[in-house]
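Let's walk through this one together, question by question. Take a look at the sequence and the fold before reading on.

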Amino acid sequence: MTLLDDNSTTGTAAKSGAGETAKSEPSRPSAAELGAALIAPGAERVHRRDETSAVIRIDEADAEMVEAVDPDPMSDEPMIINMGPVHPSTHGVLRLVLEMQGEQVLRSKPVIGYLHTGMEKTGETLSYLQGTTNVTRMDYASPLFNELVFSLATETLLDIEVPPRAQWIRTMMCELNRISSHLLFQATNGMDVGAVSMMLYGNRLREETLRLLEKVTGLRMNNNYIRPGGVAVDLPDGWREDVMALMDHLPPLIDEFDTLLTGQPIFRERLQGVGTINAEECLALGVTGPILRGSGYAWDLRRDMPYLKYDEVDFDVIIGTYGDCFDRYAVRLNEMRESMKIVRQCVEMMPPGDYRIQDKKVTPPPRARIDESMEALIHHFKIFTEGFKVPEGEVYVAVESPRGELGCYMVSDGGAHPYRMHIRAPSFVNLQTMPHMMQDSLVADAVAIISSVDPVLGEVDR
Amino acid sequence: MNLASLYRPLVAVDPLFTAGVGLEEVLIVALKVVVAFTLLLVSVMLMIWFERKLHADMTNRVGPNIAGPFGLLQTLADGIKLFFKEDLRPAAGDKRVFGLAPYLTLIPAFLMFTVVPVGGDFHNGDGTVTWFGNTTHLQVADPPIGILFVLAMSSMAVYGIMLAGWSSGSKYPLFGSVRASAQMVSYEAALGLSLVAVLIKSGTLSTHEIVASQADGWNWNLWVTGFIPFIVFMIASTAELNRPPFDLVEAEQEIVGGFHTEYSSIRFSLFFLGEYMNVVTMSGVMVTLFFGGPDGPIPFLTSLGWLWGIFWFVLKVVAFCFTFIWFRATLPRFRYDQLMDLGWKLLIPLSLGWLIALASLDLARSEGWNRGLVGVIAFGGLVLMGLLLNAAVNAGQRKRLAGEGVD
């Protein structure tokens, strides 16, 4: 992006004045013109590269050095402050370099990488069946979505279609996971604006949702439930009653959030008009999910590029108006209600049948067959040690995770491991909005803004 | 200059000293100090337990339940743990001020409590008790400047917090320190103004006499001053105590504990102690000012009326402590500018206007004017001024948004 540097205008002016040869050269658009052409109308704010830019261009190591407090009380130099990576409300290990004038944030810059574990690289050494255990650890607040997008990518490369029951199970489980993820947001968002009780109310409901996930998948988090070819196990006995009990239990308690927060004047004052971003800016930055929808742009992959069984269920895409923290809060709150609507429809429409594809190349033989058939044993052994081979090719598949467009780009060289596996993490992309939303706000707003972006650092750093 | 002229402004109202100061009087005062200090420390311990238990209850948790019956000794256990922790001092800080600051918070909190009447029978008597032939008030000291002393002490406590943040030599504490000075200074004004309404009605600064003037439920300043001063005082004292929703000075989610970020070990526990002591003391002050102090019905055992006084006092204080905890469990935190808006644009004008209205009514009564007419004019003026102020604030905001600057 050097083309868009602030001194580019002066740079071209100097060049054209340098000699007559400039005339004879084919007329190239100046850097300023190129920059202007790239700037989306309405999103000028996020394109600035001069000193008014919201992003402070300071070296991360340099920012660490400016530690001491300026001893001169009359000095009005801005203060550089490192918020995080160890801070109660940076959602894990996000670090923000803030340039502060008193309580006001002038410029900022998110610094990431403190949770980098090389999961994408690890993905290249794991077979496709092992891959889901790896990706599920990225966005640990909504693990099923990671598994889903990885499985969908693998299945597209394999060119197989999973049975309808598996698709319905996946839809239902993902929506339950979306509810639990949004409940976690409600908990942390409330906590970050100072409503400490919300932390416990939100987490309690999340825990109740996770209990259901645990009953089905065996684990609270990092379920490894959705796998290429279907799901790991069929729904347990009595699942229908359990799901419906939860669906009856949650709505009145979620309505309590409305009572406690939505109508609460201090809460509204804290979030309304804070951290605004418009749809053009969101698009210019590639932002998706509740942030984009909160700014009034109705974009939901479940509706616009349906996968699984989303084209057969009825639900609304929730959008906001002002693109502020309150809209993002409200979008997530109401998305939980829509998810519950979807879950109810899934329970109604759940077809009988197989929960995984009966393709011998992808699906290991059932446990009972292993004892009686030598071939089954060998087959089982081969699938779990060597893995199944996937035809050569590349694919990008995206799903709507609670945080936005979660994509998986997979390249196969025909072997049993992906040649390259990349996850397009919504948290990572959404993180870019922070400096723009934070500019000229107060430090308390900065905390509310971090919370309203709802990043999961495991997914950001991968 | 004799000795009496020195101590007289501080203790003169107490009938204990009418016959001069002898050994017996000194011993009684010393006993009172020891008892009050012990009771306050125990009440702080219970207050912390109460807060944790109640907040736990409000959020579907159990709360402390291991140390002692119902976890009552949890605070003690925490205190012992903190005492044995390493006492870290930041290298960049000012060591002497850093060490001094916790005491500047703790000591005013206790001193403020000394002027709060905790018992006495104000219903049938004058609120004094007679022990071993000495008649005295049930408070450590009853200076004629009582309420001014409370104000002075609550202002002193600001220094502790401000200096703590400043001397830490670190950025988050500095934020807390700046916030503390701004917040407490502006709310001090609202606190003082709402208090003057009480003083007008009671006609005295002595806490004992303020309580005596409220003897009998319908004379409580809560009704007499017309609710508004109490509401302003309640909000302002919440801010003065740094309790949620005004706990910006600490604001763990924003500035990581603010002024006490760098404090550890016993120094931190002194802050903690001071803060909760302030809650108990401020509840006591509020009860004294607006709820008649130890005033309450005496159904039986009339000869031990002062015990009933203590009972009612404790009950009222616990009710206020409950309210503070309730605030914390329910309300989100204010933002810095919203806090200033609330203080300067609402609480201070409101309490000032109310004060003037009350004063004009009092004047009308003493001069024999038509009180109805004066009341209408006074409160009409109050509403008018409110609207004017609102218009001025809006105009200022419009100008600022238009980038013209406010002149």
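What follows is a short exchange about the sheet, the domains, two odd backbone spots and the chain interface.

Reader: Before we start, what am I looking at?

Author: It's a predicted model, where local features need pLDDT of at least 70, side-chain atom pairs count only at pLDDT 80 or more, and totals for chains, interfaces and linings use all residues. Residues are numbered from 1 along each chain as its sequence is written, while chains are lettered from A and ligands numbered from 1 in the order in which they are written.

Reader: In the antiparallel three-stranded open sheet of chain A, which strands sit at the edges?

Author: Strands here are DSSP E runs of at least two residues, helices are H or I runs of at least four, and both are numbered from the N terminus. Two strands pair if DSSP finds at least two bridges between them. The order in chain A is β6-β7-β8, with antiparallel pairing. Each edge strand pairs on one side only, and those strands are β6 (393-401) and β8 (418-424) of chain A.

Reader: Which residue of β8(A) stands opposite Tyr409(A)?

Author: Strand β7 of chain A covers residues 404-412 and pairs with β8(A) in the antiparallel sense over six bridges. Opposite Tyr409(A), in β8(A), stands His422(A).

Reader: Which helix of chain A packs on that sheet?

Author: Contact means that the C-beta atoms of two residues, placed from the backbone, lie within 7 Å. Axes are lines fitted to C-alpha atoms, for helices over the stretch in contact, and angles run from 0 to 180 degrees between N-to-C directions. The packing helix touches β6 and β7 of chain A, and its direction makes about 150° with that of β6(A). Its residues are 143-158, and its name is α8 of chain A.

Reader: Is Asp159(A) buried or exposed?

Author: Asp159(A) lies in the loop between α8 and α9 (164-192) of chain A, and has a positive phi of about 60° although it isn't a glycine. A residue is buried if 20 or more other C-beta atoms, placed from the backbone, lie within 10 Å of its own, exposed if 12 or fewer, and partly exposed in between. Asp159(A) has 9 such neighbours, so it counts as exposed.

Reader: On to chain B: which helix gives the most to the side of domain 1 that touches domain 2?

Author: An automatic or database domain assignment sets the bounds, giving domain 1 (90-334) and domain 2 (354-400) of chain B. Seven residues of domain 1 of chain B are in contact with five of domain 2 of chain B. Helices α6 (171-202) and α9 (228-240) of chain B each supply at least two residues of that domain 1 side. With four residues, the most comes from α6(B).

Reader: Which peptide bond of chain B is cis?

Author: Look in the loop between α9 and α10 (252-255) of chain B, where Pro245(B) is found. With omega near 5°, the cis bond runs from Pro244(B) to Pro245(B).

Reader: What about the two chains: which helix has the largest share of the side of chain B that touches chain A?

Author: In total, 26 residues of chain B are in contact with 27 residues of chain A. Helices α6, α10, α12 (305-330) and α13 (336-367) of chain B each supply at least two residues of the chain B side. The largest share, four residues, comes from α10(B).
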